Amino acid sequence: MHNGTTITQFIIEEQRRVSGATGDFTSLLNDVVTACKVISNLVNHGALVGILGSAGSENVQGETQKKLDVLSNDIFIKSNEWAGHLAAMASEEMDDIYPIPASYPRGKYLLTFDPLDGSSNIDVNVSVGTIFSILRCPGEGTAPSKQAFLQPGTQQVAAGYAIYGPSTMMVLTTGNGVNGFTLDQNIGEFILTHPNIRIPTETREFAVNVSNMRFWEPPVRRYVDECLAGKEGPRGEDFNMRWIASMVAEVHRILTRGGVFMYPLDSKMKAKGQGGKLRLLYEANPMSLIVEQAGGRSITGPERILDLQPEDLHQRVPVILGSSAEVARIQGYHLEA
Ligand code: AHG
Ligand code: MN
Ligand code: MN
């Protein structure tokens, strides 16, 4: 029996401290939470409900869509389009923005999301997640355009993710620290279990897809070489390595026990004209806000991610995030280079 604070109670109490809050935002977050609970239920049932495998289609980025990518996207739209809080949505799985249909009232917020992150992990039963970001829609009354979404990450009103792991959790920031909630499946509520999450500063763990090493730029190579050199190297300490291939799971580990996550720019991406692997608006920005709000840092290499002026809905950027001192060191290597 759990008698803790539910996520709804937490959000309402947090909003009470904001003068002039109308309840719109609270209600929007509730709809996002509901969508994540529905996705969690599907993920949990896996093969029993026939949701594993490919959908036989590609998204705008040329990636093969899994059945669950498409289903999760639909769930997010259905849960969030009706209530009158949003003007439009944008997602990894939709080429263009999704303006709220004329049959529903149009609201003042924009929602971007990665409905299923780490989807290559679904079929092998490894943790996946959902990432979302909420922005204010500029130019009240006018029909929203793609342009409305192109706001720097510093403008986010809220960001969060759900992780579908051994337990389902929701991690949320509204710009006032980071809080974690665990889904109690028996009562169907997220309960506050991880108040005021802070990223440990003393850490010796990095996460990067080492199969790309030969394509990396010198600063990333230098950092990883120094970690691999261990006690005998310039860092004078042994490091540990992890790679889950679900950004959500990597960020969650970093929030829990510290470390660094990198999906850096490399020569293979450059040759394809790509600025990185991860998408700015619905992966890098929300995760960067969460990480910074938990006392960490998040950069492209030389620059802070939250300061970037987005140029496109599906823009990709390099991502290096985690414990503050380690990320500062990597940024230093980039600035020296
Ligand atoms: P998505 O499943 O939404 O396309 O994102 C997958 C991303 C990210 O979560 C993960 O860190 C990375 O891609 C894994 O990339 P590799 O398969 O290259 O390791
Ligand atoms: Mn993703
Ligand atoms: Mn995805």
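**Notebook: cavity, manganese pair, sheet and two loops**

I began with the enclosed space, where the largest cavity comes to a volume of about 30 Å³. I keep in mind throughout that this is a predicted model. A search for cavities of 30 Å³ or more returned one in the structure. I then listed the residues that line the largest cavity, and these are Ser133, Leu135, Gln151, Pro152, Gly153, Gln156, Leu281 and Asn285. Sorting that lining by element, I noted that strand 6 and helix 8 (280–293) each supply at least two residues.

Next entry: the metals. Which protein atoms serve as donors of the manganese ion written as ligand 2? I found Asp114 (OD), Asp117 (OD) and Glu283 (OE), at 1.8 to 2.2 Å from the ion. Along the chain, the donors of this ion follow the spacing D-x2-D-x165-E. Aspartate 117 belongs to strand 5 and glutamate 283 to helix 8, so this pair ties together parts that are 166 residues apart in sequence. I checked the exposure of both residues, and aspartate 117 is buried, as is glutamate 283.

For the manganese ion written as ligand 3, I recorded the protein donors Glu92 (OE), Asp114 (OD) and Leu116 (O), which lie 2.2 to 2.5 Å from the ion. Their spacing along the chain reads E-x21-D-x1-L. Aspartate 114 bridges this manganese ion and the manganese ion of ligand 2, and the two ions lie 3.7 Å apart. I looked up the burial of two of these donors as well, and both aspartate 114 and leucine 116 are buried.

I then turned to the sheet. In what order do the eight strands of the open sheet run? I read the order as 4-3-5-6-7-8-9-10, with mixed pairing. At the edges stand strand 4 (98–99) and strand 10 (189–194), each of which pairs on one side only. Within the sheet I followed strand 6 (residues 128–136) and strand 7 (residues 158–164), which pair in the antiparallel sense over seven bridges. Serine 133, which I had already met in the cavity lining, stands opposite alanine 159 in strand 7. Helix 2 (residues 24–45) lies across strand 3 (86–91), strand 5 (109–117), strand 6, strand 7, strand 8 (168–173), strand 9 (178–184) and strand 10, and I noted that the helix runs at about 165 degrees to strand 6.

Two loop residues close the notes. Serine 323 sits in the loop between strand 17 (319–322) and helix 9 (324–336). Is serine 323 buried or exposed? I class serine 323 as buried because its relative accessible area is 0%, where the cut-off for buried is under 20%. Leaving aside neighbours within four places in sequence, I found serine 323 in contact with Ile199, Pro200, Thr201, Thr203, Ile254, Gly258 and Gly259.

Glutamine 61 sits in the loop between strand 1 (54–58) and strand 2 (64–66). With a relative accessible area of 16%, glutamine 61 is likewise buried. Not counting residues up to four places away in sequence, I listed Glu92, Arg279, Tyr282, His314 and Arg316 as the residues that glutamine 61 touches. Among them, Glu92 is also a donor of the manganese ion of ligand 3. As a last distance, I noted that the C-alpha atoms of glutamine 61 and valine 124 are separated by 23 Å, the residues being 63 apart along the chain.

Note on methods. Residues are numbered from 1 along each chain as its sequence is written. Chains are lettered from A and ligands numbered from 1 in the order in which they are written. This is a predicted model: local features need pLDDT of at least 70, side-chain atom pairs count only at pLDDT 80 or more; totals for chains, interfaces and linings use all residues. Side-chain values use heavy atoms; hydrogens and water are left out. Two strands pair if DSSP finds at least two bridges between them. Helices (H or I, at least four residues) and strands (E, at least two) are DSSP runs, numbered from the N terminus. Contact means heavy atoms within 4.5 Å. Axes are lines fitted to C-alpha atoms, for helices over the stretch in contact, and angles run from 0 to 180 degrees between N-to-C directions. Donors are N, O and S atoms within 2.8 Å of the metal (3.2 Å for Na, K and Ca); water is not among the atoms, so sites may look incomplete. Buried means under 20% relative accessible area, exposed over 50%, partly exposed in between (1.4 Å probe, protein chains only). On a 1 Å grid over the protein atoms alone, a cavity is a set of points where a 1.4 Å probe fits but cannot get out, and a pocket is an open set with protein on both sides within 12 Å along at least five of seven lines; lining residues have an atom within 4 Å of a point. Grid points are joined across faces, edges and corners, and a volume is the space filled by probe spheres set on the points.
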